[in-house]
Amino acid sequence: MTASPTSPTSPTSLPAVRLRVPTDEDARAWHEVFDDPDVMEFLGGPAELSLYEEFTARQRLHDAQLGFCLWTLLDAQGAVIGFTGAQPWPQEKAWGPVGEIEIGWRLGRSAWGKGYAYAAALATLERVRAAGVGDVVAMINDENRRSIAVAERLGMTLADRFLLPNGIRYGRRYELTLATE
């Protein structure tokens, strides 16, 4: 899927993006793209390859069962630049919006500041709406200004600000009701 070149909320042109269900090979690509302390600043730091192997497998299962997942995000040349998509908030987390559908995005540093996150998030909203999802949330670290800007540009509403489980930082819960066709 390619994001539309313009959006009703923005007259500027958006970069072309493609989303695909993550492959086994994408686990390695995600590991390489995200192996950066700045990229993982709000997520506990860089992770091992095995985490991405399990993560991509879980996303394939979500796609098969739900019709959506965290898709691999590709630029116009077909290079992996991150992921975007949606998934149910995990039951095993003892906090947060358990059972709700969370949208999210994570991009490698080389893709920052170019409009990819917003373009990919718009494509995500189109896909989850087509899958019958009526409401989504975004859980964002209070200090993650880039992701907050994307959520707000999407028209998401700040629903809650809360202390994260680490007891040190705060998070934000954004909500968006999707218009049905």
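Tutor: Contact here means heavy atoms within 4.5 Å. Keep in mind, too, that this is a predicted model.

Student: Thanks! With which residues is Gln91 in contact, leaving aside its neighbours within four places in sequence?
Tutor: Start with its setting: Gln91 sits in the loop between S3 and S4. Once neighbours within four places in sequence are set aside, the contacts of Gln91 are with Val98 and Gly99.

Student: Does Gln91 count as buried or exposed?
Tutor: The cut-off for exposed is over 50% relative accessible area. Gln91 has 62% relative accessibility, so this loop residue counts as exposed.

Student: How many Å apart in space are Gln91 and Ala16?
Tutor: Along the sequence, 75 residues separate Gln91 from Ala16. In space, C-alpha to C-alpha, the two are apart by 34 Å.

Student: Let's step back to the whole fold. What pattern does the protein follow along the sequence?
Tutor: The elements to place are four helices and seven strands. Reading along the sequence, they come in the pattern β-α-α-β-β-β-α-β-α-β-β.

Student: What is the radius of gyration of the protein, and what does the globule rule give for 181 residues?
Tutor: The protein is as compact as a globular protein of its length, because its radius of gyration of 15 Å is close to the rule's value for 181 residues, 16 Å.

The C-alpha atoms, taken along the principal axes, fill a box of roughly 40 × 35 × 35 Å. To repeat the pair you asked for, the radius of gyration is 15 Å and the globule rule gives 16 Å.

Student: Which share of the contacts with a separation of 6 or more comes from residues 24 or more positions apart?
Tutor: As background, 46% of the 181 residues count as buried. Among contacts with a separation of 6 or more, the share from residues 24 or more positions apart is 59%.

Student: And at the surface, what share of the exposed area do carbon and sulfur atoms supply?
Tutor: The protein exposes about 9,100 Å². Of that area, carbon and sulfur atoms supply 51%.

Student: How many Å apart are the mean positions of the positive and negative charges?
Tutor: There are 18 positive and 24 negative charges to average over. The distance between their mean positions is 4 Å.

Student: Now for the interior. Which element gives the most to the largest nonpolar core?
Tutor: That core has 36 residues, and those with the most contacts inside it are Ile103, Trp105, Val136, Leu154 and Met156. At least two residues each come from several elements, including strand S4 (101-107), strand S5 (135-141) and helix H4 (145-153). With ten residues, the element that gives the most is H3.

Student: Which residues does Val136 touch, not counting those up to four places away in sequence?
Tutor: Val136 is one of the residues with the most contacts inside the largest core. Not counting residues up to four places away, Val136 touches Ile101, Ile103, Leu125, Val128, Met156, Tyr174, Glu175, Leu176 and Leu178.

Student: Is Ala119 buried or exposed?
Tutor: Ala119 belongs to helix H3. Its C-alpha atom is 9.5 Å from that of Val150, 31 residues apart along the chain. With 0% relative accessibility, under the 20% cut-off, Ala119 counts as buried.

Student: Over at Phe55, which residues does it touch, not counting those up to four places away in sequence?
Tutor: Phe55 is in helix H2, and at 10% relative accessibility Phe55 counts as buried. Leaving out residues up to four places away, Phe55 touches Trp30, Leu70, Phe83 and Gln87.

Student: Trp30 leads me to helix H1. What covers the buried residues of H1?
Tutor: The residues to be covered are Asp26, Ala27, Ala29, Trp30 and Phe34. Their cover includes strand S1 (18-20), helix H2 (49-66), S2, S3 and S4.

Student: One last residue: what is the relative accessible area of Gly115?
Tutor: Gly115 lies in the loop between S4 and H3, with its C-alpha 15 Å from that of Val80. Gly115 is partly exposed, and its relative accessible area is 25%.

Note on methods. Residues numbered from 1 in each chain as written. Predicted model: local features only at pLDDT ≥ 70, side-chain atom pairs only at ≥ 80, totals over all residues. Heavy atoms only, no water. Rg over C-alpha atoms; globule rule 2.2 N^0.38 Å. Buried < 20%, exposed > 50% of the residue type's maximum accessible area, 1.4 Å probe, protein only. Areas by Shrake-Rupley, 256 points an atom, 1.4 Å probe, with all protein chains shown as cover. Lys, Arg positive; Asp, Glu negative; His and termini not counted. Charge placed at Lys NZ, Arg CZ, Asp CG, Glu CD. Core = buried A, V, L, I, M, F, W, Y, C linked by side-chain atoms within 4.5 Å.
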